[in-house]
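User: I'd like a close look at one part of this protein: the pocket with the most space in it. Walk me through what surrounds that pocket, and then carry on to whatever else ties in.

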Amino acid sequence: MARPVTLYSLQWGDLDLNTVCEKAKSFGYDGLELGLPDHLDIHSKDPAYLSKIKALLEKHGLQLHTISTHLIGQAVCDNIDERHKAILPDYIYGDGDPEGVRERAAAELIRTGEVAAELGLKTVVGFTGSSIWQYLYSFPPVTEEMVNKGYEDFAKRFTPILDAYQKLGVRFALEVHPTEIAFDIVTAERALQAVNYHPAFGFNYDPSHLGYQGVDYVDFIYRFAERIFHVHMKDVYWSDELKQAGVFGGYVTFGDPRRFWNFRSMGRGKINFEEIIRALNSINYTGPLSVEWEDSAMDREHGAKESCEFVKRLDFQPSAHAFDAFFEKK
């Protein structure tokens with residue numbers, strides 16, 4: 001096995017951290033990716049709080065490589081509405097004034113970077129949100145100026161965050177994902193350009209958000225080799241047949257059989273993880289492989305266990321030599 005296999009904790013947010021640790025260890029995981037705010041309080045007044053978190057994981061023999069703040073990050077660049085009230089803490093949403101929400105979310109992201117540094121971590125995973133996602137389908141016609149303004153807004157809001165992260169020795173890994181400023185290869189490149197290839201900005205690679213779109217998810221790894229800061233292992237299935245709800249989802253919930261695509265437990269979808277592992281080996285990625293388990297049709301404990309087994313069976317160390325390097329006798 002070349003890399004540690006970790007479990008993202010956000011899908012287990014209804015359980016306390018000790019219980020999640022017990023389950024993750026019993027499933028065979030090497031560590032956790034802690035999801036905020038459920039399993040890490042970045043505003044704890046207890047001076048020993050972070051030491052206690054590390055001690056708890058160590059007690060269970062679990063590693064910690066990154067923390068994730070998807071819900072807060074979403075609010076930094078989004079057009080704020082009532083949906084955000086459901087996912088944000090009250091002290092971030094406040095009175096719901098959009099600019100106030102965005103400013104408080106940005107400050108929270110910086111605080112998250114500070115906590116990551118205090119924990120000795122190098123990477124924070126999260127979302128950015130997007131002020132232009134609603135322009136995805138270009139009708140009425142969307143002008144280039146409108147799109148440019150969206151990337152300018154992203155750069156304006158995230159550059160101070162990235163500057164703070166750089167000073168802390170921490171990197172922000174955007175999970176390239178629909179509803180974010182980057183959701184495929186073209187927009188990922190555009191996001192990098194918008195922040196002038198800031199050294200603290202890169203990507204959390206998750207093939208499940210690319211495959212069903214028709215995006216070359218293996219090529220993504222090669223194109224952004226130096227910007228792959230973290231990796232999510234998540235599978236997705238898309239239909240070979242026409243369905244009632246297409247790529248855009250038809251406003252039906254995840255798991256609905258009428259959908260063209262749905263997330264699935266590892267090895268049960270259509271993502272070619274063999275090629276992903278070979279690509280990660282090629283770019284010398286040595287970080288964790290974090291299982292973000294999402295399968296609406298499966299018991300999560302069954303799925304988490306089989307996903308851990310799948311990843312550990314699939315992963316392998318790269319060779320230091322070509323296979324025929326030893327044919328020639330000296």
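Analyst: Let's start with the chemistry of the wall. The lining of the largest pocket splits by class into 18 nonpolar, 14 polar and 9 charged residues. Keep in mind that this is a predicted model. The space inside that largest pocket is about 1500 Å³. Its lining runs to 41 residues, and the ones closest to the centre are Trp133, His177, Pro178, Thr179 and Phe254. As for elements that give two or more residues to this lining, they are helix H3 (70-77), helix H4 (82-87) and strand S9 (261-264).

Thr179 deserves a second look, being one of the residues closest to the centre of the largest pocket. It's found in the loop between strand S5 (171-175) and H8. Its phi is near 85°, a positive value in a residue other than glycine. For background, most residues other than glycine have a negative phi, and most peptide bonds are trans. Thr179 counts as partly exposed because its relative accessible area is 27%, and the partly exposed class runs from 20% to 50%.

Now for H3, one of the elements in the lining of the largest pocket. This helix is mostly covered, with 7 of its 8 residues buried. The buried set is His70, Ile72, Gly73, Gln74, Ala75, Val76 and Cys77. Cys77, for one, has a relative accessible area of 2%, so it is buried.

Since we've landed on a cysteine, a word on disulfides: the count is 0. Take Cys21 as an example. Its closest cysteine sulfur is the one in Cys308, 14 Å away, so that pair is too far apart for a bond, given a cut-off of 2.5 Å. Cys21 is also buried, because its relative accessibility is 0%.

Next, the second largest pocket, whose volume is about 240 Å³. It has 15 lining residues, and Ile132, Val147, Tyr151, Phe183 and Thr187 lie nearest its centre. Helix H7 (144-168) and helix H8 (185-194) each put at least two residues into that lining, and H8 gives the most, with 3 residues. By class, the lining of the second largest pocket comes out at 10 nonpolar, 3 polar and 2 charged.

Follow the chain on from H8 and you get to Tyr197, in the loop between H8 and strand S6 (201-205). Tyr197 is another residue other than glycine with a positive phi, near 55°. With a relative accessible area of 38%, Tyr197 is partly exposed.

On the other side of H7, Pro140 lies in the loop between strand S4 (123-126) and H7. The peptide bond from Phe139 to Pro140 is cis, with omega near -5°. There's also a cis bond joining Leu36 and Pro37, with omega about 0°, and Pro37 is found in the loop between S2 and H2.

That S2 to H2 loop holds Asp46 too. Asp46 is partly exposed, because its relative accessibility is 30%. Its side chain makes a polar contact with the side chain of Lys52, at 2.7 Å. If you want a sense of scale, Asp46 and Ile132 are 40 Å apart, C-alpha to C-alpha, and 86 residues apart in sequence. Ile132, remember, is one of the residues nearest the centre of the second largest pocket.

Notes:
Residues numbered from 1 in each chain as written. Predicted model: local features only at pLDDT ≥ 70, side-chain atom pairs only at ≥ 80, totals over all residues. Heavy atoms only, no water. Helix = DSSP H or I, 4+ residues; strand = E, 2+ residues; numbered from the N terminus. Buried < 20%, exposed > 50% of the residue type's maximum accessible area, 1.4 Å probe, protein only. Polar contact = N/O pair within 3.5 Å; in protein donor to acceptor, adjacent residues only side chain to side chain. 1 Å grid on protein atoms, 1.4 Å probe; cavity = no way out; pocket = protein on both sides within 12 Å on 5 of 7 lines; lining within 4 Å. Points joined across faces, edges and corners; volume = space filled by probe spheres on them. Nonpolar A, V, L, I, M, F, W, Y, C, P; charged D, E, K, R; others polar.
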